[in-house]
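Colleague: Before I take any of this to the bench, I would like to go through the model with you and hear what each label rests on. Could you put the structure up, and then take my questions one at a time?

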Amino acid sequence: MPIGDVELKELRKDMGFSPALLKLIYESHPKMFDIIYEMDKTLLSDGAISAKTKRLIALAVVSSMGCEACATAQMRAAMNMGASREEVLDTLGVLVVTAGMPAVATAREALRKCCELPEEDWGGE
């Protein structure tokens, strides 16, 4: 099995899914994929701040930058790491105060998808 296949499986385990964009990058630019994968594993793993909290921060950042697909990916990853509905909504509340409603609107589709999930699928306790 090629190394990228192993990494994609690890991402799937960590995030709960394999982002389609990363699959495309892996297929077209394997070296770029390796760099992105290493950054992701290094920066978004437990450290002084938990991986879950880092994903919630990432949700706020990508939403403020206007990337709806990124917001969905980060929200799903945070949920897979145990973020509760309340933690996701709190993160979006901070986003309203710091980046305004347009940023929250970017996360609207992600939030809609996530809110359709049963409570046990949010990853909370």
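Colleague: In which helix does Glu-7 lie?

Modeller: Keeping in mind that this is a predicted model, Glu-7 lies in helix α1, which covers residues 3–15.

Colleague: Why is Glu-7 called buried?

Modeller: The relative accessible area of Glu-7 is 8%, and the word buried applies under 20%, so Glu-7 with its 8% counts as buried.

Colleague: Which residues is Glu-7 in contact with, leaving aside its neighbours within four places in sequence?

Modeller: Leaving aside those neighbours, Glu-7 is in contact with Phe-33, Asp-34 and Tyr-37, where contact requires heavy atoms within 4.5 Å. For Tyr-37, which is 30 residues away from Glu-7 along the chain, the C-alpha atoms of the two are separated by 7.4 Å.

Colleague: What makes Thr-72 buried?

Modeller: Thr-72, which is found in helix α5, has a relative accessible area of 13%, and since buried means under 20%, Thr-72 is therefore placed among the buried residues. Not counting residues up to four places away in sequence, Thr-72 touches Ala-110 and Lys-113.

Colleague: And why does Thr-106 count as buried?

Modeller: The reasoning runs along similar lines: Thr-106, in helix α7, has a relative accessible area of 13%, and with the limit set at under 20%, Thr-106 is therefore buried. Setting aside neighbours within four places in sequence, the contacts of Thr-106 are Ser-63, Gly-66, Cys-67, Glu-68 and Ala-71.

Colleague: How do you know that Ala-83 is buried, and where is Ala-83 found?

Modeller: Ala-83 is found in the loop between α5 and α6, and its relative accessibility is 0%; because buried means under 20%, Ala-83 counts as buried. Measured out along the sequence Ala-83 and Leu-56 are 27 residues apart, while in space they are 8.1 Å apart, C-alpha to C-alpha.

Colleague: Turning to the whole chain, what share of the residues counts as buried, and how many helices and strands are there?

Modeller: Of the 125 residues of the protein, 38% count as buried, and the protein has eight helices and zero strands.

Colleague: What makes you speak of a nonpolar core, and which residues touch the most other members of the largest one?

Modeller: The term is kept for buried residues of certain nonpolar types that are joined through side-chain atoms within 4.5 Å, and the largest such core has 18 residues, of which Leu-59, Met-75, Val-88, Leu-92 and Leu-95 touch the most other members. At least two residues of this core come from each of α4, α5, α6 (85–99), α7 (101–106) and α8 (108–115). Another core lies apart from it, with nine residues, including Met-15, Leu-22, Tyr-26 and Phe-33.

Colleague: Which residues of the largest pocket lie nearest its centre, and how much space lies in it?

Modeller: About 590 Å³ of space lies in the largest pocket, which is lined by 22 residues, with Pro-19, Leu-22, Cys-70, Ala-73 and Gln-74 nearest its centre. A residue belongs to the lining when it has an atom within 4 Å of a pocket point. The largest share of that lining, six residues, comes from α5.

Colleague: How do the residues of that lining divide into nonpolar, polar and charged?

Modeller: The lining of the largest pocket divides into 17 nonpolar, two polar and three charged residues.

How values were computed. Residues numbered from 1 in each chain as written. Predicted model: local features only at pLDDT ≥ 70, side-chain atom pairs only at ≥ 80, totals over all residues. Heavy atoms only, no water. 1 Å grid on protein atoms, 1.4 Å probe; cavity = no way out; pocket = protein on both sides within 12 Å on 5 of 7 lines; lining within 4 Å. Points joined across faces, edges and corners; volume = space filled by probe spheres on them. Helix = DSSP H or I, 4+ residues; strand = E, 2+ residues; numbered from the N terminus. Nonpolar A, V, L, I, M, F, W, Y, C, P; charged D, E, K, R; others polar. Buried < 20%, exposed > 50% of the residue type's maximum accessible area, 1.4 Å probe, protein only.
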